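Here is a short, informal walk through one model. Have a look at the structure first, then read on.

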Amino acid sequence: MKNRLKVLRAERDWTQADLANALAVSRQTANAIEKGKFDPSLPLAFKIAKLFKLSVEEIFIDEQA
Amino acid sequence: MSNNHNETICSQENGKYVKQLALWTLAWLVSTVLLRFGAEYIWDFQAAYSIVALTIHLVLGAAMIRVNVKHLSSLDELQRKITMDAMGITLGIGLIAGIAYEQLEDIKLIPFEPEIGHLIMLMGITYMVSILIGNRKYK
């Protein structure tokens with residue numbers, strides 16, 4: 001699954017550590033989600049959406065759709 | 001962005017459980033040694049002492065499992081996935097290799113009695129390699 005996390009993070013001038021802190025996950029996890037190596041659970045996806053004040057669909061793009 | 005150090009708190013909690021797990025595992029290992037060699041060299045196979053040592057060994061084992069569960073719950077979802085994958089692979093390899101190894105003497109492919117220690121070593125190595133591969137995959 002693709003996502004816009006890198007762009008959204010850059011727009012806010014946040015580091016991966018900032019994102020990881022805000023989501024209460026490890027930097028490894030924040031990095032893996034951003035690179036599309038790991039798909040977050042639904043609760044974490046909603047947490048990310050809430051953090052960026054966007055909907056889940058505006059952040060995550062289902063490549064199979 | 002407010003840097004509320006959630007990640008730091010999360011990793012501190014995780015670190016606390018890793019230390020606890022190491023201590024309980026060490027205690028359990030010491031109790032294993034005591035159970036095995038105590039009967040032979042200290043209390044000369046007296047049943048009462050052996051039962052006490054066995055009880056201590058089982059209680060420490062239960063405590064170790066409890067701390068391990070707490071440690072797992074302190075991990076975030078990717079770390080938990082890596083750990084659970086490693087545990088699954090270890091269990092699978094342990095079961096397959098363990099049964100095959102146990103048969104080796106029966107079918108006369110090895111001249112000695114298979115030892116549980118060899119299987120535990122294999123499982124330990126499998127777990128460590130699986131954790132390393134998992135971490136590398138999601139680096």
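Gly98(B) is partly exposed because 17 other C-beta atoms lie within 10 Å; the scale calls a residue buried at 20 or more other C-beta atoms within 10 Å of its own, exposed at 12 or fewer, and partly exposed in between, with C-beta atoms placed from the backbone. Gly98(B) sits in helix 3 of chain B. Helices here (H or I, at least four residues) and strands (E, at least two) are DSSP runs, numbered from the N terminus.

Before going further: this is a predicted model, where local features need pLDDT of at least 70, side-chain atom pairs count only at pLDDT 80 or more, and totals for chains, interfaces and linings use all residues. Residues are numbered from 1 along each chain as its sequence is written, while chains are lettered from A and ligands numbered from 1 in the order in which they are written.

Now for Pro111(B), in the loop between helix 3 and helix 4 of chain B. Pro111(B) counts as exposed because just 7 other C-beta atoms lie within 10 Å. Both residues also feature in a pair of C-alpha separations:

| Pair | Apart along the chain | C-alpha separation |
|---|---|---|
| Gly98(B) and Ile51(B) | 47 residues | 28 Å |
| Pro111(B) and Thr32(B) | 79 residues | 27 Å |

Past that loop, helix 4 of chain B (residues 116-137) has 22 residues and reaches 31 Å from its first C-alpha to its last. That is close to the 32 Å expected at 1.5 Å a residue, the expected span being 1.5 Å times one less than the number of residues. Helix 4 of chain B is hardly covered, with zero buried residues.

What about chain B as a whole? Chain B has four helices and zero strands. The radius of gyration of chain B is 19 Å, well over the 14 Å that the globule rule gives for 139 residues, so chain B is more spread out than a compact globule. That radius is taken over C-alpha atoms, and the rule is 2.2 Å times the number of residues to the power 0.38. The C-alpha atoms of chain B fill a box of roughly 65 × 40 × 15 Å along the principal axes, and 8% of the 139 residues of chain B count as buried.

An automatic or database domain assignment gives chain B domain 1 (1-75) and domain 2 (76-139). Their C-alpha centres lie 21 Å apart.
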